[in-house]
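Subject: Structure handover and notes on what was found

Dear colleague,

I am passing the structure below on to you, together with some notes on what turned up in it. Please read the notes with the coordinates open beside them.

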Amino acid sequence: MAEPEKDDRQVDDGSADPEKEVGELVVRLTQPGELEPAERRRLLGRLAKSLATGAKKARASGAGRGRWLAEVFLSIAPRIPIRDLHTLSEHHHGLTGEELADDLVRTAQKATMTVGAIGGALAAAQFAAPPLLLSAPAQLVAETIVVAAIEVKLLAELHEVYGVRVQGTGTQRAFAFTSAWAKQRGIDPLAPASVSLALGAASKAALRNRLMRTLGRHLTTFGPFLTGAVAGGALNRGATGKLGKAIRADLRLKGPSLPPQAPPDELTP
């Protein structure tokens, strides 16, 4: 527990690298377990601040927002914590197969809904306070990055549940899962080039487009009062559920068949 406190002090005194901090904050916001709402708001606020610093540098270099967003996400993708099948089952009360996949999707929906509600509420507050309006885009970019990370994590862990193993280094696998998220489909384990293709220009373009569409969705939460919080939560929950459904349907075709679930009266006590 002492180490995170040390990291917080490094961040607070301005000595930390903003790019490194972005990765650390996203990891903390996507780790298993519940975060208190106040802590989640604090971390999202710090993430927005770090992203704002990076955005200024990107604008100075002439980089477009889409390209910058993709570069940021690719820099943090290898750090997103992906659990293996055994750990997933342990963390989800011993569930396996389709029941485990159901719970993974529900958990991810809850996480992105919470992020959307917090981001929407912050945007609503800033809408009501014009002097703070300029900070709102950074908040929405932070929300976009975290939601994308949660969904990439969900996609990767669904591959574990359905027995679709992706080969390669940790970084290659992270990029492959990120590319699959951008295209909203599972990875074909029989395609030898599936990992290397995840590093190509077409996949990076798909990632930019997906991130910008996600950001555009979050911009719709920019409204007065609590309408932003309600819209942000509902939109994220729906989008994550749609992703989970699409990936599961794809993986059922690409991976080994899961064992059928026993009826309740046949379960071992």
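Which residue's side chain meets that of Arg83 in a salt bridge? The partner is Glu157, with 2.9 Å from N to O, and before going further I should say that the model is predicted. Because Arg83 sits in the loop between α4 (65-76) and α5 (85-91) while Glu157 belongs to helix α7 (residues 136-161), this pair ties together parts that are 74 residues apart in sequence. Both partners, Arg83 and Glu157, are buried; for Glu157 the relative accessibility is 2%, and since the limit for buried is under 20%, that residue counts as buried. Leaving aside residues up to four places away in sequence, Glu157 touches Pro81, Ile82, Arg83, Leu88 and Leu104, so that its salt-bridge partner Arg83 appears among its contacts as well.

Over the whole structure, the search finds 14 salt bridges, and two others deserve a description here.

One of them joins the side chains of Glu160 and Arg173, at 3.9 Å from N to O. With Glu160 in helix α7 and Arg173 in helix α8 (residues 170-183), the pair ties together parts that are 13 residues apart in sequence. Glu160 and Arg173 are both buried. As the cut-off for a salt bridge is within 4 Å, the 3.9 Å of this pair satisfies it.

The other is formed by Asp250 and Lys254, whose closest N and O atoms are 3.2 Å apart. These two residues are 4 residues apart in helix α10 (residues 227-254), and are therefore separated by about one helical turn. In general, an α-helix has 3.6 residues a turn, so residues three or four places apart point the same way. The burial of the two partners needs a separate statement for each: Asp250, at 17% relative accessibility, counts as buried, whereas Lys254, at 26%, counts as partly exposed. Elsewhere among the salt bridges, Glu98, Asp102, Arg248 and Arg252 are joined into one network through shared partners.

Returning to helix α8, which holds Arg173, its 14 residues should span 20 Å at 1.5 Å a residue, and the end C-alpha atoms are indeed 20 Å apart, so the expected and modelled spans agree. The helix is mostly covered, with 10 of its 14 residues buried; among them are Arg173, Phe175, Phe177 and Trp181. After α8 comes Gln184, whose phi is positive, near 60°.

How do α8 and helix α9 (residues 201-219) pack, and at what angle? Their axes are 8 Å apart and the angle is about 55°, which makes α8 oblique to α9. The crossing of these two helices is left-handed. On the α8 side the contacts come from Thr178, Ser179, Trp181, Ala182 and Lys183, and these meet Ser203, Ala206, Leu207, Arg210, Leu211 and Thr214 in α9.

Helix α9 passes the corresponding length check, because its 19 residues should span 27 Å at 1.5 Å a residue and its end C-alpha atoms are 27 Å apart. The buried residues of α9 include Ser203, Ala206, Leu207, Arg210, Leu211 and Thr214, and these residues also take part in the contact with α8.

With best regards

Technical notes:
Residues are numbered from 1 along each chain as its sequence is written. This is a predicted model: local features need pLDDT of at least 70, side-chain atom pairs count only at pLDDT 80 or more; totals for chains, interfaces and linings use all residues. Side-chain values use heavy atoms; hydrogens and water are left out. Buried means under 20% relative accessible area, exposed over 50%, partly exposed in between (1.4 Å probe, protein chains only). Contact means heavy atoms within 4.5 Å. The expected span of a helix is 1.5 Å times one less than its number of residues. Axes are lines fitted to C-alpha atoms, for helices over the stretch in contact, and angles run from 0 to 180 degrees between N-to-C directions. Angles under 35 degrees count as roughly parallel, over 145 as roughly antiparallel, 65 to 115 as roughly perpendicular and the rest as oblique. A crossing is left-handed if the near helix is turned anticlockwise from the far one by less than a right angle, and right-handed if clockwise.
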